[in-house]
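Please open the structure in your viewer and keep the selection panel at hand. The tour goes from one selection to the next and says what is found at each stop.

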Amino acid sequence: RSDIMQTASLAPMDKLLIDLEVTGEGNNSDIGIYKYADSVGKWIYIGGSYDEARNMMSITVSGDGRYAVIENPKMSELKFADIDGNWANLYIRSLGYAGLADGYLEDGIRYFKPENEITRGEFVKMLVSAKGIKLDGADVSMFADSGEIAEWAAPHAAAAYKDGWLKGDETERGIEAKLSDKITRQDAMTLVYRVFFDGEKASGRLGFADSSKVSAYAADAVSYLTENGIVSGYEDGTLRPLDSLLREQIAKIL
């Protein structure tokens, strides 16, 4: 519903106010400003406010990129009843509008359940969807716990294994996927790093009060994601790498 605006700054900028003229006919209640995410090849909803008098959408952004006004029927169709006032409201809606999270439908009402812990299987499914990996089978026999992998999770686990980033854990039974387990913050960061930033390097510093709790296999991922602002710690200076990841937290990360 607008031209695509490309911003490029010669020096770092904190904030930039952009205006986009809304064009064409359609449902103006279903429009928003989207930014193109090269890493996933998708337009991601970032908010914006519509000024009917000027027929403009406006937003303040903090980084260069491509922006456009898009009409998305999911904005009317996908309403989560439990995210108003949640700190991750925008991130959750963005995830839904991009088709990466449908939430839970109960008695005709859709919930996101932002404070629920997320399982490894649910997280793998989100990452497979975000990267756009083709599902072409459900063979998970490479994992010693294949008999415990839910039918809905198997195609995503198979795709993630084939893509090279779902490696599983070494146990007495062999390599297990453990998709029913709650995923820890450091394991989630490790998978995000493998999927989107594999090979990228950071300083390696972990400036958190509990950095000693970060496992060696997760150190590169934690360093990269925290230094680049994708994951942040808590106000008390901790990262809590062994805590379970909440659905609202993964909405922000993705």
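Begin by selecting Ser-49 together with Ser-58, its bridge partner in β6; bear in mind throughout that the model is a predicted one. Widening the selection to whole strands brings in β5 and β6 (residues 56-61), which run antiparallel and are joined by three bridges.

Now add β2, and you have an open sheet of three strands in the order β2-β6-β5, with antiparallel pairing. At its edges stand β2 (16-21) and β5 (49-51), and because each has a single partner strand, one side of each is left without a neighbour in the sheet. If you look at how the strands cross, neighbouring ones are turned by 30° against each other on average, with direction ignored. As general background, the strands of a sheet pair through backbone hydrogen bonds, either parallel or antiparallel.

Next, select Trp-43, which lies in strand β4 (residues 42-47). Is Trp-43 buried or exposed? Its relative accessibility is 26%, so Trp-43 counts as partly exposed, since the buried class ends at 20%. Showing its surroundings, and leaving out residues up to four places away in sequence, you will find that Trp-43 touches Ile-4, Tyr-34, Lys-35, Tyr-36, Arg-66, Tyr-67, Ala-68 and Ile-70. For a distance to draw in the viewer, take the C-alpha atoms of Trp-43 and Glu-77, which are 34 residues apart in sequence and 18 Å apart in space.

The following stop is the largest nonpolar core, which has 52 residues, and of these Phe-123 and Trp-165 touch the most other members. At least two residues of this core come from each of α2 (89-97), α3 (120-131), α4 (154-163), α5 (185-196), α6 (219-227) and α7, and α5 gives the most, with seven residues. Selecting Trp-165 and setting aside its neighbours within four places in sequence, you will see contacts with Val-124, Leu-127, Val-128, Ile-133, Ala-160, Leu-191, Arg-194 and Val-195. Apart from this core lies another, of ten residues, among them Ile-18, Val-22, Tyr-67 and Val-69.

Finish with Leu-254, found in the segment after α7 (247-253). With a relative accessibility of 32%, Leu-254 counts as partly exposed. Not counting residues up to four places away in sequence, Leu-254 touches Leu-95, Met-126, Leu-127 and Phe-196. Between Leu-254 and Met-126, which are 128 residues apart along the chain, the C-alpha atoms are separated by 8.7 Å.

Note on methods. Residues are numbered from 1 along each chain as its sequence is written. This is a predicted model: local features need pLDDT of at least 70, side-chain atom pairs count only at pLDDT 80 or more; totals for chains, interfaces and linings use all residues. Side-chain values use heavy atoms; hydrogens and water are left out. Helices (H or I, at least four residues) and strands (E, at least two) are DSSP runs, numbered from the N terminus. Buried means under 20% relative accessible area, exposed over 50%, partly exposed in between (1.4 Å probe, protein chains only). Contact means heavy atoms within 4.5 Å. Two strands pair if DSSP finds at least two bridges between them. Axes are lines fitted to C-alpha atoms, for helices over the stretch in contact, and angles run from 0 to 180 degrees between N-to-C directions. A nonpolar core is a set of buried Ala, Val, Leu, Ile, Met, Phe, Trp, Tyr and Cys residues joined through side-chain atoms within 4.5 Å.
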